[in-house]
Amino acid sequence: MDQTIRVNPTVMGGDPNRTQMAQPTVMGFPPPGGGQGAGPSLALTVRVSNRYAFAGDRTRAHVLTQISASGAGGFVPGGKRLPVNVCLVIDRSGSMDGSPIQYVKKACEHVVDLLTPDDVLSIVTFEESVEVLMPARRVTDPNLIKQHIQRIVAGTTTNLFDGLYAGGAQVASVPMAGYVTRVLLLTDGEPTAGLKDFGSIVQQVADLKSQGITVTALGFGPEYNEELMAGIARRSGGNYYYIERPEQIPEVFQKEMLTILGVTAKNIRLTLTLPRGVTVRQCYGSPPELGARHAAITLPDIERGATVTKLWEVDYDPHAVATFRTAKAILSWDDGATGQRETLTANAVVEFTGDAARVPAGADPLVAQELNSMQAARDLEKTMMGMRTQQLNHADLTAALNKTQQMFTQQGNTEAAKTVQMATQAAQRGDTGGAEKTLIGTIYSLDLGKRS
């Protein structure tokens, strides 16, 4: 085992061996330049569940990695933010007729108002057929774009997959270097035309992600498939929203756009390198790529002011009595402030002791709290399954949800506590579908590990 020499994060330069992917040349879309002279936007810290471990036994432990984005992240020197390349993919099936379509138009106009000529926008609508209402173009004439938006009218069935893929093609038509890319998919129903299979759709979304395209899934009303929408978000690294009422559509669109406009770090990869005698069992919420002496995950874009926590479960083999580095965390990302590929490292350090009585005093309460949150996410999954199968009566369901809500409140996770409360209220009024849609969003948010 390596003796620990240093435990503070070490800032390193960009990777000189990194190969840049060739980007196609598209007229009108030169890659925007990064900033110069700014410091990296992210910080990395590592904590262990216990700074002591008994040397004579095989030990189960946890490593908590925390990534924080500075409040100024996402802005290059001079106050300019990273430009975005966004496609709005809008369901205009027959069920969207009336007030939903009107609120969608309002939401799309809000998006236009948030963008500048440095940004790229495209709009795709779908029903039985798919229409590219506006191909990818810079936002130089907001009024003309709004005229296109007002042309949206309701049609017939729901060809979700073809609409989603057409949106991905619009984003991909622009060289992506320097842009924050996103597809915003809004639907109110199950796929009823085109590709309908859940697994096939989610796999195609994974292909979009491999091209650098993130999909945010916005489900509206009581009829859409929440598992499909959450699966789309999970496989692409996007966000998931449940929109209960038409009048909420503009607010949610604006919330998501403000998140996108604040992105400071893209193409994020977090790796744990491991010495002999240490094994990664899992990373909660993010199945890792496992190698002989490392485990790695990719992370979604991070916006300014956000913190992302990832909890790793590890095993230590019996060790000699000494202090060892049990893992080295390596974080790399494309930085919006510096315009470069940045890298940070930090160490997990444990003292292996021959005195078992010392071990309880070394526990880290913050890591224990994060473990409780991950366990709460699994408990919510069980509660949701019990609700679906009607194995939980009303009293037991309410008690289970209230218990989880209280735990989040005590931890200071007000956002999770609020969404669990919303699910409880929906279940109490008999809206089990709304409760499930809310709980899936809560579970996904917990697995992402991101907090503002």
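Which residues of α3 are buried? Keep that one for the second stop. First, the whole chain. This is a predicted model.

**Whole chain**

Show everything as a cartoon. The protein chain has ten helices and 21 strands. Buried residues account for 52% of its 452 residues. Now turn to contacts between residues at least 6 apart in sequence: 78% of these join residues at least 24 apart.

**Helix α3**

Select residues 160–172. This is α3, with 13 residues. From first C-alpha to last, α3 reaches 18 Å, close to the 18 Å expected at 1.5 Å a residue. Colour its buried residues: Leu160, Phe161, Gly163, Leu164, Ala166, Gly167, Gly168, Gln170 and Val171.

**The largest nonpolar core**

Next, select Leu185, Ile232 and Tyr240. These have the most contacts inside the largest nonpolar core, which has 54 residues. Add α7, residues 365–388: this helix gives the most to the core, with eight residues.

Centre on Tyr240 and show its neighbours. Leaving out residues up to four places away in sequence, Tyr240 touches Ala217, Tyr224, Glu226, Met229, Ala230 and Ala233. Tyr240 also touches Lys437, Ile440, Gly441 and Tyr444.

A second core is separate and has 37 residues. To find it, select Val280, Cys283, Ile297 and Ile302, which are among its members.

**α7 against α8**

Go back to α7 and add α8, residues 394–411. How far apart are the axes of α7 and α8? They are 10 Å apart, and the packing angle is about 160°. An angle over 145 degrees counts as roughly antiparallel, so α7 and α8 are roughly antiparallel to each other. The crossing of α7 past α8 is left-handed.

Show side chains at the contact:

- From α7: Gln369, Asn372, Ser373, Ala376, Leu380, Thr383 and Met387.
- From α8: Leu397, Ala400, Leu401, Thr404, Met407, Phe408 and Gln411.

Stop at Gln390, in the loop between these two helices, α7 and α8. Is Gln390 buried or exposed? Gln390 is exposed, with a relative accessible area of 71%. Check its backbone too. Phi of Gln390 is positive, near 60°, and the residue is not a glycine. Most residues other than glycine have a negative phi.

**Helix α9**

Move on to residues 414–428. α9 has 15 residues and reaches 21 Å from its first C-alpha to its last. That is close to the 21 Å expected at 1.5 Å a residue. Its buried residues are Ala416, Ala417, Val420, Ala423, Thr424, Ala426 and Ala427. What covers them? The cover includes α7, α8 and α10, the last spanning 432–448. After α9 comes Gly430, with a positive phi near 85°.

**α1 against α6**

Select 99–114 for α1 and 249–261 for α6. Their axes come within 8 Å and cross at roughly 25°. Angles under 35 degrees count as roughly parallel, so α1 and α6 are roughly parallel to each other. This crossing of α1 and α6 is right-handed.

Here is who meets whom:

- In α1: Pro100, Tyr103, Val104, Lys106, Ala107, His110, Val111 and Leu114.
- In α6: Ile249, Pro250, Phe253, Gln254, Met257, Leu258 and Leu261.

**Strands β13 and β19**

Select strand β13, residues 263–273, and pick Asn267 within it. Asn267 has a positive phi of about 50°, although it is not a glycine. Asn267 is partly exposed, with a relative accessible area of 44%.

Now select β19, residues 322–335, and centre on Ile330. Ile330 is partly exposed, at 24% relative accessible area. Not counting residues up to four places away in sequence, Ile330 touches Arg269, Leu270, Thr271 and Thr273, along with Thr343, Leu344 and Thr345. Draw a distance from Ile330 to Ala346. These residues are 16 apart along the chain, with their C-alpha atoms separated by 6.9 Å.

**Last stop: Asp355**

Finish in the loop between β20 (341–353) and α7, where Asp355 lies. Asp355 is partly exposed, with a relative accessible area of 39%. Draw one more distance, from Asp355 to Val321. The two are 34 residues apart along the chain, and their C-alpha atoms are separated by 9.5 Å.

Note on methods:
Residues numbered from 1 in each chain as written. Predicted model: local features only at pLDDT ≥ 70, side-chain atom pairs only at ≥ 80, totals over all residues. Heavy atoms only, no water. Core = buried A, V, L, I, M, F, W, Y, C linked by side-chain atoms within 4.5 Å. Buried < 20%, exposed > 50% of the residue type's maximum accessible area, 1.4 Å probe, protein only. Helix = DSSP H or I, 4+ residues; strand = E, 2+ residues; numbered from the N terminus. Contact = heavy atoms within 4.5 Å. Expected span 1.5 Å × (residues − 1). Axes fitted to C-alpha atoms, helices over the stretch in contact; angles between N-to-C directions. Parallel < 35°, antiparallel > 145°, perpendicular 65-115°, else oblique. Left-handed = near helix turned anticlockwise from the far one by under 90°.
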